[in-house]
Amino acid sequence: MAKNFFAEYMVIKMIYEIMCMGEICPLPLIKAKHKFEEASKGDLIKIIVDHRCTLESIDNYFSKHDYIIEIKEVIQGVWEIYIKK
Amino acid sequence: MHINNLIAFYKTVYYKSISYAAKELYLSQPAISQQIKALEKDLDTILLKRSNRGVEPTAAGELVYQYAENILNIYENMIKDLECFKDDCFNRLSITSCPTIGQYALPCTLHEFKKNHKNLLVHTEHDFTQKVIYNVKEGSTDIGFIEGCYSDEYINCIPLGKYKMHFVASSNFPEKILSKNKLIHYNFFIIHKNCSLRKIIEETLLNYSIDIKKLKIEMESPSIESIKSSVAAGHGLSILPYISIKKELYTKTLSIINVENIDFTYNYSLIYNKRLKKTPKYDFIEFIKNNGKEFFC
């Protein structure tokens, strides 16, 4: 996964970051969808969440289309989700 | 006894003034006076001392005031339940929660629960554990979330899991490891005495033979947010629950300090009154029982 991640990383044009710490469902998912629509092909979106259910809802929504690149649990209970359009 | 008379009396004592009570209840002052007199007649006791400096409850009035608070809380809960009943949304759930769970863990859980319960109106409040237990016992709230565990003849308790607290400092703080003897050199911002977390902190420190009274306590606050900002500004140390500092740890405004592996672990649990039977309310308890651990991350 990690190797793949960096290979993909090379062709990325823009990186967006969405900070969703302390935000309540469904806000993070709405923000992510919104940003995803705005972004152009090849852009990377990094979403930072701190609730397991937020993680699941975003994962469910984007992995349907294989957009999720990586999910990292950075510190206990905080996840970074990388989505590439 | 008319409930309106009780309300008039309660508001008058609350504001220590008949005119304020009249204003809030959209009544004239003589009307309020009359209602209170009627209440005094019903109860056959003088409740208010009237003087030219305003009103004051008598000793008996003080007693009635305390009961009035409970009676009116239950009454209000009944009225709201009844409104829901009329509006076809049968399910009204009132939850009182201790601040950490209420602010950081509960909103997400409620959202998840509401996905499958469309007609649910949730009413949440934050209060300290002691008050939560009291509210559940007297029936003014359906479900409570507390730190620690509590059960008695009226209350059932479902333990949900464990949280941890840590010593925290601003991320500029030079040390990552401290010995406990050095703690007395730093200022502390500690959760207020009314919060049950404070008791857990004191007990744990005592187990490691640290007397909290010997620490330099700069400020006590019931608000975790205000403690966080003081600590982040570098004014001193604190002991805070992990769940409340995740964001600050991630953005590196706060960092955890290891003090001789002192471990503040505490339980949190859900409590409800044993009289609670109505299904939608009970559904929530089942939901938390089955999924609580997942959502309370």
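In chain A of this predicted model, contacts often bring together residues that are far apart in the sequence: among contacts between residues at least 6 apart in sequence, 62% join residues at least 24 apart. For chain B, the corresponding share is 73%. Chain A has 85 residues, of which 27% count as buried, while in chain B buried residues make up 33% of 297. The secondary structure of chain A consists of 3 helices and 4 strands, and a reader who walks along the sequence meets them in the pattern α-β-α-β-α-β-β. In chain B there are 10 helices and 12 strands.

The strands of chain A offer a good place to begin. In general, the strands of a sheet pair through backbone hydrogen bonds, and this pairing is either parallel or antiparallel. In chain A, 4 strands form an open sheet with mixed pairing, in the order β1-β2-β4-β3. Which strands stand at the edges of this sheet? They are β1 (15–19) and β3 of chain A; each has a single partner strand, so one side of each is left without a neighbour in the sheet. From one strand to the next, the twist averages 15°. Helix α2 of chain A, which covers residues 27–38, packs on the sheet and touches β1, β2 (44–49) and β4 of chain A. The direction of α2 makes about 170° with that of β2(A).

A closer look at one pair of strands adds some detail. β3(A) pairs with strand β4 (residues 78–84) of chain A in the antiparallel sense, over 6 bridges. Across from Glu80(A) in β4(A) stands Lys72(A).

The two chains also meet each other. On one side of this meeting are 15 residues of chain A, and on the other are 11 residues of chain B. Within chain A, α3 (52–63) and β3 (68–75) each supply at least two residues of the side that touches chain B. The most is given by α3(A), with 3 residues. By class, the residues on this side of chain A divide into 9 nonpolar, 4 polar and 2 charged.

Chain B provides an example of helix packing. Two packed helices are described by the angle between their axes and the distance between the axes. For helix α1 (residues 3–15) of chain B and helix α4 (residues 59–86) of chain B, the axes come within 9 Å and cross at roughly 120°. That angle makes α1(B) oblique to α4(B), and the crossing of the two helices is left-handed. Which residues of α1(B) meet α4(B)? They are Ile3(B), Leu6(B), Ile7(B), Phe9(B), Tyr10(B) and Val13(B), and their counterparts in α4(B) are Gly61(B), Val64(B), Tyr65(B), Ala68(B), Glu69(B), Ile71(B), Leu72(B) and Tyr75(B). Sorted by class, this contact has 12 nonpolar, 1 polar and 1 charged residues.

Two loop residues of chain B have a backbone feature worth pointing out. Lys16(B) is not a glycine, yet its phi is positive, at about 55°. Lys16(B) is found in the loop between α1 and α2 (18–25) of chain B. Is Lys16(B) buried or partly exposed? With 13 other C-beta atoms within 10 Å, Lys16(B) is partly exposed, because a residue counts as buried if 20 or more such atoms lie within that distance and as exposed if there are 12 or fewer. Glu260(B), also not a glycine, has a positive phi of about 45°. The loop that holds Glu260(B) runs between β11 (254–259) and β12 (264–273) of chain B. Glu260(B) is partly exposed, with 13 other C-beta atoms within 10 Å.

Strand β11 of chain B includes Ile257(B). Ile257(B) counts as partly exposed, with 19 C-beta neighbours inside 10 Å; the label follows because 20 or more would be needed for a residue to be buried. Which residues does Ile257(B) touch, not counting those up to four places away in sequence? The list is Phe167(B), Val168(B), Ala169(B), Phe173(B), Glu175(B), Lys176(B), Leu178(B) and Leu237(B). Phe173(B) and Ile257(B) are 84 residues apart along the chain, and a distance of 9.1 Å separates their C-alpha atoms.

Note on methods
Residues numbered from 1 in each chain as written. Chains lettered and ligands numbered in written order. Predicted model: local features only at pLDDT ≥ 70, side-chain atom pairs only at ≥ 80, totals over all residues. Axes fitted to C-alpha atoms, helices over the stretch in contact; angles between N-to-C directions. Parallel < 35°, antiparallel > 145°, perpendicular 65-115°, else oblique. Left-handed = near helix turned anticlockwise from the far one by under 90°. Contact = placed C-beta atoms within 7 Å. Nonpolar A, V, L, I, M, F, W, Y, C, P; charged D, E, K, R; others polar. Pairing = 2+ DSSP bridges.
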